[in-house]
Amino acid sequence: MATQRYEVTSPDRQSQMAVPRPDGDVLSALLRDTGMTVLVMLAEKYGLRRVPGLGKAQIIERMLRRLSPEDQKRLEEELIAARYGQASIDDLLDIVLEHDAGHPAGRPRLEEMSTGDATLVEAGSRRWVYTMRGHDVVIDLAGRVLACDCAFFGFASKRQMPCKHLVTALRLVPPVYAREVLIDLAVARRFGGHGSRWNFEGHRAA
Ligand SMILES: [Zn+2]
């Protein structure tokens with residue numbers, strides 16, 4: 001995996017939290033969204049000597065500059081687990097489906113669907129295919145593929161907004177797997193980056 005380079009954040013970038021950015025920015029966005037006390041504690045935990053008088057931006061800059069790529073990855077996972085480790089499927093869906101005013105696709109009409117509409121047609125190792133209301137939905141954790149053949153998905157998948165069929169399928173697969181998908185998508189929505197771990201395929205992927 002390529003080593004990420006992290007840049008010091010400038011104030012004008014802090015106002016762009018909602019815009020998806022490359023993976024490398026996720027950790028800096030998570031750190032900016034972390035309180036001072038925890039930041040100081042984390043810096044020490046990751047082996048940085050405490051330097052009195054540093055401001056928040058300087059502490060973050062120092063962490064991004066001094067921690068090894070492996071430690072940065074670990075820190076990122078730790079921050080994500082702290083933030084979303086206790087979140088329910090519904091909590092995570094609320095984040096993932098947050099209305100995006102800048103995008104005309106809007107939210108999927110979840111009220112039109114129920115889990116009773118779905119038929120499981122294939123269940124493999126970390127892979128499920130459902131058919132519902134004339135559409136086929138694929139959740140493939142091994143291949144990191146999320147797919148549906150509906151028009152909404154084709155349109156909204158560019159913003160990694162799941163369609164109502166995919167949301168229905170996510171309510172049917174074992175929660176531990178649904179949470180794995182949804183945490184990535186929630187991080188992507190709030191902090192950028194992580195959604196690129198998932199390939200949203202607009203066409204039938206089976
Ligand atoms: Zn769909």
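**Helix 4 and its packing against helix 2**

On one side of helix 4, Q58 and R65 are exposed. The other side tells the complementary story in this predicted model: the buried residues of helix 4, which spans residues 56-66, are I59, I60, M63 and L64. These four cover an arc of only 130 degrees around the axis, and therefore sit on the same side of the helix. The spacing fits a familiar rule: an α-helix has 3.6 residues a turn, so residues three or four places apart point the same way.

What, then, covers the buried residues of helix 4? The cover includes helix 2 (25-32) and helix 3 (36-45). Of these two, helix 2 is described here in further detail. Its axis lies 10 Å from that of helix 4, and the two helices pack at an angle of about 150 degrees. Because angles over 145 degrees count as roughly antiparallel, helix 2 and helix 4 are assigned to that class. Helix 2 passes helix 4 in a right-handed crossing. On the helix 2 side, the contact is made by L27, S28, L31 and R32, while helix 4 contributes I60, M63 and L64. Sorted by class, this contact holds 5 nonpolar residues, 1 polar and 1 charged.

It remains to place this pair of helices in the chain as a whole. The protein chain has 9 helices and 5 strands, arranged along the sequence as α-α-α-α-α-α-β-β-β-β-α-α-α-β. Of its 206 residues, 33% count as buried. Among contacts with a separation of 6 or more, 61% are between residues 24 or more positions apart.

Notes
Residues numbered from 1 in each chain as written. Predicted model: local features only at pLDDT ≥ 70, side-chain atom pairs only at ≥ 80, totals over all residues. Buried ≥ 20, exposed ≤ 12 C-beta atoms within 10 Å, placed from the backbone. Arc of directions from axis to C-beta. Contact = placed C-beta atoms within 7 Å. Axes fitted to C-alpha atoms, helices over the stretch in contact; angles between N-to-C directions. Parallel < 35°, antiparallel > 145°, perpendicular 65-115°, else oblique. Left-handed = near helix turned anticlockwise from the far one by under 90°. Nonpolar A, V, L, I, M, F, W, Y, C, P; charged D, E, K, R; others polar.
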